[in-house]
Amino acid sequence: MDESARARVLRGCGLFADLPAPDLQRLAAASSARRYRRGQFVVHEGDPGDSLLVVAEGTLKAVTTSPHGEELLLAVVEPGESVGELTVADGGERSATVAALTDAAVLRIPRESVLTVAEHSPALTRALLGSLARTVRRLTGDAADLVFLDTPRRVAKLLLSMAPRSGPPRVHLELTQSELAERVGATRQTVNAALQGFQRRGWIVIEQRDVMLHDVPALRRFVG
């Protein structure tokens with residue numbers, strides 16, 4: 001991927017959408033691209049936080065792991081999204097492991113390059129602060145769900161959040177049931193039971209890797 005292609009990827013990333021062209025070009029010149037196969041690790045929890053990652057193609061997942069090897073899926077990162085803003089801010093270690101959920105292409109931008117541009121770019125500083133705020137709000141909501149919602153309601157809420165904003169309410173599951181279970185902090189068996197229960201009630205129809213939401217109002221009432 002040449003420098004002009006990297007610049008186009010960065011321009012399509014919300015974090016850099018309002019950045020002046022010269023600053024964007026500096027970041028593109030400093031960045032490097034790498035491809036990953038599905039399941040391949042991009043960074044590990046505890047690695048040095050030396051770069052910001054931007055997804056150019058494919059999808060990544062960010063997970064944290066317990067001392068017993070249990071995983072909690074923190075986020076799914078799509079093309080045009082970034083991961084690593086926290087390490088850019090404080091220079092600390094990676095707080096999560098990031099792996100390729102599908103075959104993917106990722107740009108790495110050195111932390112120092114991002115900070116250098118941010119020093120004279122209010123637009124980038126605001127974007128970084130906004131991204132960190134959204135992450136904190138999302139994780140706060142996830143923590144509350146783990147405490148206040150049972151597994152079926154967490155699954156229903158996840159399906160609603162994954163539904164497209166326009167068009168047919170069809171959810172394409174790039175996640176396996178095990179990965180869905182990681183996302184809601186449950187076992188694969190309980191997630192499967194929840195999905196089958198929704199299907200019996202006529203709220204959803206499961207078609208291989210797709211889930212059609214037939215009764216969105218009922219799912220919303222169920223979540224409360």
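How many of the seven residues of strand 8 are buried? Five are, so to speak, tucked away, and strand 8 (residues 104–110) is mostly covered; buried here means under 20% relative accessible area, exposed over 50%, and partly exposed in between, with a 1.4 Å probe and protein chains only. The model is a predicted one, in which local features need pLDDT of at least 70 and side-chain atom pairs count only at pLDDT 80 or more, while totals for chains, interfaces and linings use all residues. Residues are numbered from 1 along each chain as its sequence is written, and side-chain values use heavy atoms, with hydrogens and water left out. Helices (H or I, at least four residues) and strands (E, at least two) are DSSP runs, numbered from the N terminus.

Strand 8 belongs to an open sheet of four strands with the order 1-8-3-6 and antiparallel pairing. Two strands pair if DSSP finds at least two bridges between them. Strand 1 and strand 6 (82–83) are the edges, each pairing on one side only. Strand 1 (residues 32–36) runs antiparallel to strand 8 and is joined to it by five bridges, with Arg-34 opposite Val-106. Strand 3 (residues 51–57) pairs with strand 8 over six bridges, again in the antiparallel sense. Along that pairing, Val-54 faces Leu-107, and Ser-51 stands opposite Pro-110.

Pro-110 sits in strand 8 and is partly exposed, at a relative accessible area of 31%. Its C-alpha atom is 4.3 Å from that of Ser-51, although the two residues are 59 apart along the chain. Leaving out neighbours within four places in sequence, Pro-110 is in contact (heavy atoms within 4.5 Å) with Ala-30, Asp-50 and Ser-51.

Now for the helices around this sheet. Helix 4 lies across strand 3 and strand 8, running at about 60° to strand 8. Axes are lines fitted to C-alpha atoms, for helices over the stretch in contact, and angles run from 0 to 180 degrees between N-to-C directions. Angles under 35 degrees count as roughly parallel, over 145 as roughly antiparallel, 65 to 115 as roughly perpendicular and the rest as oblique.

The axes of helix 4 (residues 111–118) and helix 5 (residues 122–148) come within 7 Å and cross at roughly 120°, so the two helices are oblique to each other. Val-114, Val-117 and Ala-118 of helix 4 make this contact with Leu-124, Thr-125 and Leu-128 of helix 5. By class, that gives five nonpolar residues, one polar and no charged ones; Ala, Val, Leu, Ile, Met, Phe, Trp, Tyr, Cys and Pro count as nonpolar, Asp, Glu, Lys and Arg as charged, and the others, Gly among them, as polar.

Helix 2 (residues 21–30) meets helix 4 as well: their axes come within 10 Å and cross at roughly 170°, which makes the pair roughly antiparallel. The residues involved are Asp-23, Leu-27 and Ala-30 of helix 2 and Ser-113, Val-114 and Val-117 of helix 4. They divide into four nonpolar, one polar and one charged.

What about the nonpolar cores? A nonpolar core is a set of buried Ala, Val, Leu, Ile, Met, Phe, Trp, Tyr and Cys residues joined through side-chain atoms within 4.5 Å. The largest has 27 residues, and those with the most contacts inside it are Val-155, Val-191, Phe-198, Trp-203, Ile-204, Leu-213 and Leu-219. Helix 6 (151–162), helix 7 (177–184), helix 8 (188–200), strand 11 (210–213) and helix 9 (216–223) each supply at least two of its residues, with helix 9 giving the most, at five. Leu-219 touches Ala-156, Leu-160, Phe-198, Trp-203, Ile-204 and Leu-213, not counting residues up to four places away in sequence. Another core, of 23 residues, lies apart from the largest one and includes Leu-10, Leu-52, Val-114 and Leu-124.

Strand 11 is also part of an open sheet of three strands, in the order 9-11-10 with antiparallel pairing. Strand 9 (170–172) and strand 10 are the edge strands, each pairing on one side only, and the twist averages 20° from one strand to the next. Four bridges join strand 10 to strand 11, and the bridge partner of Glu-207 is Asp-210 in strand 11. In the loop between strand 10 (204–207) and strand 11 comes Gln-208, which counts as exposed at 79% relative accessibility. Most residues other than glycine have a negative phi, but phi of Gln-208 is positive, near 55°.
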